[in-house]
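This briefing sets out the overall architecture of a protein chain and then turns to selected residues. It is best read alongside the sequence and the model.

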Amino acid sequence: MSYDIEKIRKDFPELDRTVHGKPLIYLDNAASTLKCQPVIDALNLHYSLEAANIHRGVHYLSEAGTMKYEETRKSIQNFINAKNDFEIIFTKGTTESINLVAQSYGREFLNEGDIILLTTLEHHSNIVPWQMIAEEKGAKVIEVPINDLGEIDLDAYEKLLSDKVKIVATNHISNSLGTINPIKKMISMAHDVGAVFLVDAAQSIAHEVVDVLDLDCDFLAFSSHKMFGPTGVGILYGKEELLNKMPPYQGGGDMIDVVTFEKTTYNDLPHKFEAGTPHIAGVIALKAAIDYIQEIGLTAIKEYEEKLLNYATEQIQTIEGLKIIGTSKHKASVISFVIEGAHPHDIGTLLDRQGIAVRTGHHCTQPLMKRFNIPATARASFSIYNTVEEIDALIAGIHKTKEFL
Ligand code: 7TS
């Protein structure tokens, strides 16, 4: 089946709008993707006709809502190839998923002198939660360096691995550079020294197949809003035996078995980690996003986005004074760049005036910016609905921007 870009574009109503009187060219997909019509319809349906709380009522709407909510859990289980649906925990985003592991697993299993290994490529949400728990437990956070292309230095990683390392956490794809990291190999190396491995899949989940059994990762975190789904919903996958050994992250309704003032016992997985009323509508609508991705197919998506990336890389390199930051051999559809004599913020603002949305700044990766000795970059990130014509418009937009500056 050929890739039907026209049909896909029609499924995203926001692509029809204008910005500053120009057709929107949305190239900030690493920050958040646009929403497809089935997701918008599912949200609308829930709030129009099906709103009710779940897991606690015998009435029709509560039971129907519970079923739909749990269907999304099964859909994610299938999407990432987890062994059990109760290994899927709903959170409010990648950030909360990582904090859950740091606060629960970290508090239970880290001791003084233990090491948590992260890489220079991490988003702040895969750095700060580890620093917080490390400080509390007297553990150390150590950075695995990268090379000038933006690839993790695997020799340095190997040297840093020891029986003191209890947790390794890295992203699958870097949000700032687009580097695709060799996580399968890194996971196996971490397991050889007895460490557990968390994969931050925020940037990979909508761009390539993520199979937790094949990877053998211990934890995996991602966000619904980066895969065409609603904001405010995140996922944590964890291996059953680890989740069972971990204490609850938050206390409240739904996560309990029996509460007395003397002693409270906790619910089973996954409810142990889902205190309080969750984002019911968001979780239900996320299933529509997963169905949508599966209908196109991640293999077709990856192939299409690779073509966009290769074309954009070729074209953008011809711009005088422009330098791409992050030139790994294995890259996803992200291009970060700087232009001599132009501040990224000004580039972003001038592109915006032409209807082109890119992100500028440090992208919540300050240690990475420091590594390249730059304060910020401009970043174009592509998704399933972007086109070669939009890339041409970006290139023309950058030329125009350069004339202004
Ligand atoms: N990890 C990575 C690799 C990310 O790219 C992001 C968000 C997060 C974690 C945090 O996800 P959240 O949904 O909990 O906020 N990245 C970006 C970005 O690149 N621009 O804006 C948000």
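In which loop does Gln-203 lie? Gln-203 belongs to the loop between strand 8 (196-200) and helix 8 (212-215). The model is a predicted one, and the points below begin with the chain as a whole before returning to this residue.

**Overall architecture**

- The protein chain contains 14 helices and 17 strands. Its radius of gyration is 22 Å, close to the 22 Å given by the globule rule for 405 residues, so the chain is as compact as a globular protein of that length.
- Along the principal axes, the C-alpha atoms occupy a box of roughly 70 × 55 × 35 Å.
- Of the 405 residues, 56% are counted as buried.
- Among contacts with a separation of 6 or more, 72% join residues 24 or more positions apart.

**Surface and charge**

- The exposed area of the protein chain is about 17,600 Å², of which carbon and sulfur atoms supply 52%.
- The chain carries 38 positive and 55 negative charges, and the mean positions of the two sets are 3 Å apart.

**Gln-203 and its surroundings**

- Gln-203 has a relative accessible area of 8%, which is under the 20% cut-off, and therefore it counts as buried.
- The side chain of Gln-203 reaches the backbone oxygen of Ala-30 at 2.8 Å.
- Ala-30 is also among the residues that Gln-203 touches beyond four places in sequence; the others are Ile-173, Ser-174, Asn-175 and Lys-226.

**Ser-224 and its surroundings**

- Ser-224 is located in the loop between strand 9 (219-223) and strand 10 (234-238).
- The relative accessibility of Ser-224 is 0%, so this residue counts as buried.
- With residues up to four places away in sequence set aside, Ser-224 touches Gly-229, Pro-230, Val-233 and Leu-286.
- Ser-224 and Ala-275 are 51 residues apart along the chain, and their C-alpha atoms are separated by 19 Å.

**Helix 4: Glu-96 and Asn-99**

- Glu-96 is placed in helix 4 (residues 94-109), and Asn-99 is in helix 4 as well.
- An α-helix has 3.6 residues a turn, so residues three or four places apart point the same way.
- Tyr-249 is in contact with Glu-96 and also with Asn-99.
- Apart from neighbours within four places in sequence, the further contacts of Glu-96 are Thr-91 and Gln-250, while Asn-99 also contacts Pro-129.
- Glu-96 is buried, with a relative accessible area of 15%, and Asn-99 counts as buried at 16% relative accessibility.
- A polar atom of the Glu-96 side chain lies 2.7 Å from the backbone nitrogen of Lys-92. The side chain of Asn-99 reaches the backbone oxygen of Thr-95 at 2.9 Å.
- The C-alpha atoms of Glu-96 and Val-144 are separated by 23 Å, the two residues being 48 residues apart along the chain.

**Helix 12 and its cover**

- Within helix 12 (residues 344-353), the residues Pro-344, Ile-347, Gly-348, Leu-350 and Leu-351 are buried.
- The cover over the buried residues of helix 12 includes strand 14 (334-339), strand 15 (356-357), strand 16 (359-361) and strand 17 (377-381), together with helix 14 (388-404).
- Gly-355, just after helix 12, adopts a positive phi of about 85 degrees.

Technical notes:
Residues are numbered from 1 along each chain as its sequence is written. This is a predicted model: local features need pLDDT of at least 70, side-chain atom pairs count only at pLDDT 80 or more; totals for chains, interfaces and linings use all residues. Side-chain values use heavy atoms; hydrogens and water are left out. Helices (H or I, at least four residues) and strands (E, at least two) are DSSP runs, numbered from the N terminus. The radius of gyration is taken over C-alpha atoms; the globule rule is 2.2 Å times the number of residues to the power 0.38. Buried means under 20% relative accessible area, exposed over 50%, partly exposed in between (1.4 Å probe, protein chains only). Contact means heavy atoms within 4.5 Å. Accessible areas come from the Shrake-Rupley method with a 1.4 Å probe; for residues, only the protein chains shown count as cover. Lys and Arg count as positive and Asp and Glu as negative; His and the chain ends are not counted. The place of a charge is taken as NZ of Lys, CZ of Arg, CG of Asp or CD of Glu. A polar contact is a pair of N or O atoms within 3.5 Å; within protein, one must be able to donate a hydrogen and the other to accept it, and residues adjacent in sequence count only if both atoms are side-chain atoms.
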